[in-house]
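Please load the model in your viewer and keep the sequence panel open beside it. The tour below moves from selection to selection and says what can be found at each stop.

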Amino acid sequence: GHPFYDNAPAAGFNATTTLKRSDFGLGKYVPVVGDELTVEITVEAIEASAWQKALDKKAAETKAEN
């Protein structure tokens, strides 16, 4: 469970890959311009009801401050 959302079910992952511009016909100016592009993707997901609960709590705190 996610420690910030009352141990709600959660999942996450990281992915990294390297693309070569030249593989997609975009190799113009290589090697003056780098050919490799690193792509990093990070995803975190929690149960929808836990997310809504957190949003409601934040809205209540904001309302109390104003």
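The stops that follow begin at the start of the chain, and the model they describe is a predicted one.

**Stop one: the start of the chain**

Select His 2 to begin, a residue found in the segment before strand E1, which itself covers residues 10-20. With a relative accessible area of 7%, His 2 is buried, a term that applies here because the value falls under 20%. Leaving aside residues up to four places away in sequence, show the neighbours that His 2 touches, which are Asn 7, Ala 8, Ala 10, Glu 44 and Ile 46.

One of those neighbours, Asn 7, deserves a selection of its own, and it too lies in the segment before E1. Is Asn 7 buried or exposed? At 58% relative accessibility, Asn 7 counts as exposed, whereas His 2, which touches it, is buried. The backbone of Asn 7 is also worth a look, since its phi is near 60 degrees, a positive value in a residue other than glycine. Most residues other than glycine have a negative phi.

**Stop two: an aromatic pair**

Next, select Tyr 5 and Trp 51 together and display their rings. A search of the whole structure finds 1 aromatic pair, and Tyr 5 and Trp 51 form it, in a tilted arrangement with 6.2 Å from centre to centre and 45 degrees between the planes. Tyr 5 lies in the segment before E1 and Trp 51 in helix H1, residues 48-65, so the pair ties together parts that are 46 residues apart in sequence. Trp 51 is partly exposed, its relative accessible area being 44%.

**Stop three: the largest pocket**

Keep Tyr 5 selected and add Phe 4, Asp 6, Ala 50, Lys 53, Ala 54 and Lys 57, which together with Tyr 5 line the largest pocket. The volume of this pocket is about 170 Å³. Coloured by class, the lining shows 4 nonpolar and 3 charged residues, with no polar ones.

**Stop four: the loop between E1 and E2**

Now move to the loop between E1 and strand E2 (36-46), where Pro 31 lies. The peptide bond leading from Val 30 to Pro 31 is cis, with omega near 10 degrees. Most peptide bonds are trans. Tyr 29 also has its place in the loop between E1 and E2, and its phi is positive, about 75 degrees, although it is not a glycine. With a relative accessible area of 55%, Tyr 29 is exposed.

Arg 21 is found in this loop as well, and at 23% relative accessibility it counts as partly exposed. Which residues does Arg 21 touch, not counting those up to four places away in sequence? They are Leu 26, Gly 27, Lys 28, Val 30, Val 33, Gly 34 and Asp 35. For a distance to display, join the C-alpha atoms of Arg 21 and Glu 36, which are 6.2 Å apart in space and 15 residues apart in sequence.

**Stop five: the wider view**

Finally, zoom out and join the C-alpha atoms of His 2 and Asp 35, which are 33 residues apart along the chain and separated by 39 Å. Then select residues 10-45, the range that UniProt lists, in an unreviewed entry, for "domain: Lipid/polyisoprenoid-binding YceI-like". The end C-alpha atoms of that span lie 6 Å apart, and the span is 58% strand and 0% helix.

Terms used. Residues numbered from 1 in each chain as written. Predicted model: local features only at pLDDT ≥ 70, side-chain atom pairs only at ≥ 80, totals over all residues. Heavy atoms only, no water. 1 Å grid on protein atoms, 1.4 Å probe; cavity = no way out; pocket = protein on both sides within 12 Å on 5 of 7 lines; lining within 4 Å. Points joined across faces, edges and corners; volume = space filled by probe spheres on them. Nonpolar A, V, L, I, M, F, W, Y, C, P; charged D, E, K, R; others polar. Helix = DSSP H or I, 4+ residues; strand = E, 2+ residues; numbered from the N terminus. Buried < 20%, exposed > 50% of the residue type's maximum accessible area, 1.4 Å probe, protein only. Contact = heavy atoms within 4.5 Å. Phe/Tyr/Trp six-rings, centres within 6.5 Å; stacked < 30°, edge-to-face > 60°. UniProt positions renumbered as here; feature names shortened; annotations may be inferred.
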